[in-house]
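Let's take a friendly walk through a protein model, starting with the whole chain and then stopping at a few places along the way. Keep the picture beside you as you read.

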Amino acid sequence: MFTKTLFPTFTNFASKALRLNVLGVNSKTLNSAPALDIVRYAARKGTRAKADAKKRARKLAMQSQPAPVPKFMLRKEKLTPDSQRTRCTDENWLDTRPVDNVYSMKLYRGKPYSVSEAIKMHRESHAPEMLNDPSALIFASVELDLKLKKKDKYLEDLNGIVKFPNEFKTQKKNKVIVVCKSAEEQMKATEAGAVYAGSQTLVKQILAGSVQKDEFDYLICHPDMLKEVNSLRGILAKKFPNTYNGLLRLDIEQAVVSFINGIEYSLKRSSIEPDFGWVDLPFGRLDMPDEKLEENFKLVLDMVEKQKPSHTDDRLFITRTLLFCERSRERFKVPHWEYLQNYPVNGVIVEEVEDEIQAESAEKQA
């Protein structure tokens, strides 16, 4: 048994020699010598089982992966100047006064202009002799700090709709439909400008596709129809009626007027700095009086500040505000801290900056 298990070649050679002798052939005349085979012992217990298990897991992982998308169908994200916009850091500089009257603006804090001064400069650039657009829309670009309480967590979404006290002509009028039980409320909504107004029948038409999603921008719901409208949650997505976005209302007529003439805004993010974003929102036209434009501008700041994340009282949400027009590249910084409560001058918490400077000087001395 020992020879048979460890040296199988010897046993095979002996059996072949016996067979040749029986046939009458002398096995000694054969010039062949047996070659010793390498003894291969069995694999360690469990090794092959582990290897098979890994193969099975690899196959399952390959099956769960989606099919590769062809190269011609891959859409590369286009980097625009807006997406590559970065935070301006000159707000934290204490040295604000240049020595000379000619200086590099990159080395000093930007000069804040009053809202009336910024509007006046935009009016000059849009005069008939220059851009020839005296009634151009004027925008407020509100830059935000998107950091949340937890580390490496940032504000994901910020949107809403603004109804200005001083109305102005915009490029788009929103289309609104209303769902409520009262026939009187439906009549008032239609007179106020709603595209459709109905109850359970209107909900069924939206589900069946008779009323397409492209036919309206907002759906205003009365609380007595919220249970029926719940079936439209997948169609409406983020615009599902609730008290937060103002689409779940008791005053249907007033809600229709505000949403038709309201202007929608949403958060824009930087592709370079994940904790930096901004909101661009028009608040008037250049041919409007300064008092009305300033009133609308204050409303923009109040609406954005209301959406500040919770548990972030130790930092400022709005970091900088610029006024601009679409056809002009000029952006003028305005003092937003004059229109908001608990905001320091220049939008900088001076105590924190001084503490940082003292800490840096102490480290250098040490």
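## The chain as a whole

Of the 366 residues in the chain, 33% are buried. Keep in mind as you look around that this is a predicted model. The chain holds 11 helices and 10 strands.

How do parts of the chain that are distant in sequence come into play? Among contacts with a separation of 6 or more, 69% are between residues 24 or more positions apart. On the outside, the chain exposes about 25100 Å², and carbon and sulfur atoms supply 53% of that area.

## Salt bridges at E143

The count of salt bridges comes to 12. A good one to find is the pair E143 and R85, where the closest N and O atoms are 2.8 Å apart. This pair links distant parts of the chain: E143 sits in strand β1 (residues 137-145), while R85 is in the loop between α3 and α4 (115-125), 58 residues apart.

E143 also meets R320 in a salt bridge, at 3.0 Å from N to O. Here too the pair links distant parts of the chain, since R320 belongs to strand β9 (residues 318-325) and is 177 residues apart from E143 in strand β1.

Are these residues buried or exposed? E143 has a relative accessible area of 1%, so it counts as buried. R85 is buried because its relative accessible area is 12%, under the 20% cut-off. R320 is buried as well.

## More salt bridges

K163 and E167 are joined by a salt bridge of 2.7 Å, N to O. K163 has a relative accessible area of 32%, so it is partly exposed. E167 is partly exposed too, at 48% relative accessibility.

Elsewhere, a network of salt bridges links R87, K147, E273 and D275.

## A positive patch

Now turn to the surface, where K50, K54, K55, R58 and K59 gather in a patch of positive charge. One of them, K59, lies in helix α3 (residues 47-64). K59 counts as exposed because its relative accessible area is 59%, over the 50% cut-off.

## A stop at E215

Where does E215 sit? E215 is in the loop between α6 (200-208) and β5 (218-221). Its relative accessible area is 27%, so E215 is partly exposed.

Leaving aside neighbours within four places in sequence, E215 is in contact with K175, Y196 and S210. E215 and K175 are 40 residues apart along the chain, with 7.3 Å between their C-alpha atoms.

Notes
Residues numbered from 1 in each chain as written. Predicted model: local features only at pLDDT ≥ 70, side-chain atom pairs only at ≥ 80, totals over all residues. Heavy atoms only, no water. Patch = residues over 30% accessible without salt bridge, like charges linked within 9 Å, V, L, I, M, F, W, Y side chains within 5 Å. Areas by Shrake-Rupley, 256 points an atom, 1.4 Å probe, with all protein chains shown as cover. Salt bridge = Lys/Arg side-chain N within 4 Å of Asp/Glu carboxyl O. Lys, Arg positive; Asp, Glu negative; His and termini not counted. Charge placed at Lys NZ, Arg CZ, Asp CG, Glu CD. Helix = DSSP H or I, 4+ residues; strand = E, 2+ residues; numbered from the N terminus. Buried < 20%, exposed > 50% of the residue type's maximum accessible area, 1.4 Å probe, protein only. Contact = heavy atoms within 4.5 Å.
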